[in-house]
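Thank you all for coming. I would like to walk you through one model today, beginning with a term that we will need, then taking the chain as a whole, and then turning to individual places in it.

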Amino acid sequence: MQLRPKRNQRRLEDILREDRETLNRLGYAQELLREIGGFSNFAVSFSIISILTGCVLLYGYGLKYGGPRINTIGWPLVSAFVMCVAASMAEIASAYPTAGGLYYWAFRMGGRGWAWSCAWLNLIGQITITAGINIGAAAYLTGLVMNVLQISPSAALPIIGPVNGWNFWLLVMVLLMIPQVLINIGGVRMVARLGDFSVVWHIGGVILLALLLTFFGRYHNGWTFLLSRTHPVSPANGVATFAIGPFVVPSLMMRVPGMAALYGSGVYAFGFMLGLLQAQWTYTGYDASAHLAEETRLARMNSAWGIFLSVAVSAVTGYVALMVLTNAIPPDKIAETASDPYPVLYILRNALDPFFTNLLALIIAGAMWLCGLASITSMARVCFAFGRDHGFPMSRFVSTIDLRRGTPVNAIIVTSVLSFLVTIYSAAYSVVTSMSTSALYLAYVIPILLNLRNRYTKRGEYTTSETAPWTLSGYGTILNVIAIAGIAVITVLFSIPPNELAGLTLSALGLVLLMYWQFWQRRRFVGPRPPTAEQIVEQERQPRRTR
């Protein structure tokens, strides 16, 4: 009875020592506290994907462009593609378990130029996805409170304006983010516990949603409706202009020859593809498992499984949620559902009694807040990892670790403020989500492309069964090719009207970053730096700090 704790403690110390030695070989010191296990690693990525966030917030967007079929067929199509991306990333994660994640992978396989580009895309994507999660949660929560308290849709506040408007949502967004930031500053242990709870909350919420709509719902449309492609909006609607904050600007892309004809053609397949943003944006942020590698025990396997399983579990639970919601749409009310500011709440109000409606609505709101909490965790780790290698201005400031809490406090605060500022700039929810989706998947594709290139040419570093314990074996090449081709398509698809601002913004940022690299960082940025002797001494104290 007395030997088991000692044996377990020795086992823990062996795991921590092995993880530290792996990290040292990759060129880094153990600065973050290694306090989370495999389930908690998976839970953070699963929480950021958050099927009760992405599926809900962009439900109307997908429905108006693709009809019910966007959920019945579109979700499985996107899920299969994302599984290829996740599997390709998981294999690389098992070879390079560092907080830099994609950025470090690109450095090892392609050099500092690829790494620097990948890090910036990843950071932009992380900031914009956090913005999208929290402004979406603010809009949803506003609608929920207005519905419960029966507040008029035309209600307004002095200076701020309409309660059901962007400025008020920004205020609510700040109120949601304050506790998220404070919890992240407090330490990864609390974040991990809330992440574990988030898995139960999400899956339990989907099960309850399915049971209530199946057995107590007023409407059950059947497969003919679920496979219908009836959609209320043409791709040509609302693409002549776009908004930058309070300013309305004429579309530039619609002046391109042939674009107006394409949007006005009425081809269902084109609208269907635009509507896939609903599913594609939901499947973002699962790289968090890689960014938490330096805080995860048995990181080489647990980070890889965290990436892959978060997508796999989300694919199943998300499909269940979408099917029961779509099946419960009031008959002949597709247009009304899609055009409602809160389409999922519209479905629930019409399908269930008020008590069940409000119960499910609160569960969804909780899932969104937990999603934002996890997203800030991942976003800050990307900023910290890039900053400690001096990749951008203020690098020393954002890479500082709070020794008592073991968290990158400055990175948490700076990136959270930036996510709020991005939301002010975009002024449209689909623009924020498009920008985050494109930036993140461009970051995802860089290490996948480099790994495939090096494997094909037999030059440089690439994953093998010896270097990557989580291996795809002979399936790696085909999965990599599918991932690369799919990302090329969605990058174009989500950068054109109605999300033109996302495409133009990413293009402008790309030009600015190219100039910044050529005239400044190219001569200064060297990439990962090996730990100093003093840092290695500090690492030896790590097992005592994690007990």
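Let me begin with the term: a residue is called buried when its relative accessible area is under 20%, exposed when that area is over 50%, and partly exposed in between. Please also keep in mind throughout that this is a predicted model.

With that cut-off in hand, we can take Ile-159, which has a relative accessible area of 89% and therefore counts as exposed. Ile-159 sits in the loop between strand 1 (156-157) and strand 2 (161-162), and its phi is positive, at about 70 degrees, although the residue is not a glycine. As a reminder, most residues other than glycine have a negative phi. Met-394 is another residue of this kind, with a positive phi near 65 degrees in a residue other than glycine. Met-394 belongs to the loop between helix 18 and helix 19, and because its relative accessible area is 52%, Met-394 too is classed as exposed.

Let me now step back to the whole chain. The protein chain has 25 helices and 4 strands. Its radius of gyration is 23 Å, close to the 24 Å that the globule rule gives for 547 residues, so the chain is as compact as a globular protein of that length. Taken along the principal axes, the box filled by the C-alpha atoms is roughly 70 × 65 × 55 Å. Of the 547 residues, 59% count as buried, and the accessible surface comes to about 21900 Å², with 67% of that belonging to carbon and sulfur atoms. If we take the contacts between residues at least 6 apart in sequence, 85% of them join residues at least 24 apart. As for charge, there are 39 positive and 24 negative charges in the chain, and their mean positions are 3 Å apart.

The next topic is the aromatic residues, where the count comes to 29 aromatic pairs. How are the rings of Trp-120 and Phe-392 arranged with respect to each other? Their centres are 6.0 Å apart and their planes are at 65 degrees, and since planes over 60 degrees apart count as edge-to-face, that is how this pair is classed. The pair links distant parts of the chain, given that Trp-120 is in helix 7 (residues 112-149) while Phe-392 is in the loop between helix 18 (354-388) and helix 19 (395-398), 272 residues apart. Both Trp-120 and Phe-392 are buried. Phe-392 also pairs with Phe-386, with ring centres 5.3 Å apart and planes at 55 degrees, so this second pair is tilted; Phe-386 and Phe-392 are both buried. These three residues are part of one aromatic cluster, whose members also include Tyr-103, Trp-116, Tyr-516, Trp-517 and Phe-525.

Staying with helix 7, we come to Leu-123, which is found in that helix and is buried, with a relative accessible area of 7%. Leaving aside its neighbours within four places in sequence, Leu-123 is in contact with Met-379, Val-382, Cys-383, Phe-392 and Thr-415, so that Phe-392 comes up here once more. Thr-128 also has its place in helix 7 and is buried, with a relative accessible area of 2%. Beyond its neighbours within four places in sequence, Thr-128 is in contact with Val-422, Val-432, Met-435 and Ser-436.

Is helix 4 (residues 59-66) enclosed by the rest of the structure or open? Here 7 of its 8 residues are buried, so helix 4 is largely enclosed by the rest of the structure. The buried residues are Tyr-59, Gly-60, Tyr-61, Gly-62, Leu-63, Tyr-65 and Gly-66. Helix 4 is followed by Gly-67, whose phi is positive, near 70 degrees.

I will finish around helix 23. A cis peptide bond joins Pro-497 and Pro-498, with omega at about 10 degrees, and Pro-498 lies in the loop between helix 22 (476-493) and helix 23. For comparison, most peptide bonds are trans. Leu-509 is found in helix 23 (residues 500-519) and is partly exposed, with a relative accessible area of 32%. Between Leu-509 and Pro-497, which are 12 residues apart along the chain, the C-alpha separation is 18 Å.

Technical notes:
Residues are numbered from 1 along each chain as its sequence is written. This is a predicted model: local features need pLDDT of at least 70, side-chain atom pairs count only at pLDDT 80 or more; totals for chains, interfaces and linings use all residues. Side-chain values use heavy atoms; hydrogens and water are left out. Helices (H or I, at least four residues) and strands (E, at least two) are DSSP runs, numbered from the N terminus. The radius of gyration is taken over C-alpha atoms; the globule rule is 2.2 Å times the number of residues to the power 0.38. Buried means under 20% relative accessible area, exposed over 50%, partly exposed in between (1.4 Å probe, protein chains only). Contact means heavy atoms within 4.5 Å. Accessible areas come from the Shrake-Rupley method with a 1.4 Å probe; for residues, only the protein chains shown count as cover. Lys and Arg count as positive and Asp and Glu as negative; His and the chain ends are not counted. The place of a charge is taken as NZ of Lys, CZ of Arg, CG of Asp or CD of Glu. Rings of Phe, Tyr and Trp (its six-membered ring) pair if their centres lie within 6.5 Å; planes under 30 degrees apart count as stacked, over 60 as edge-to-face and the rest as tilted.
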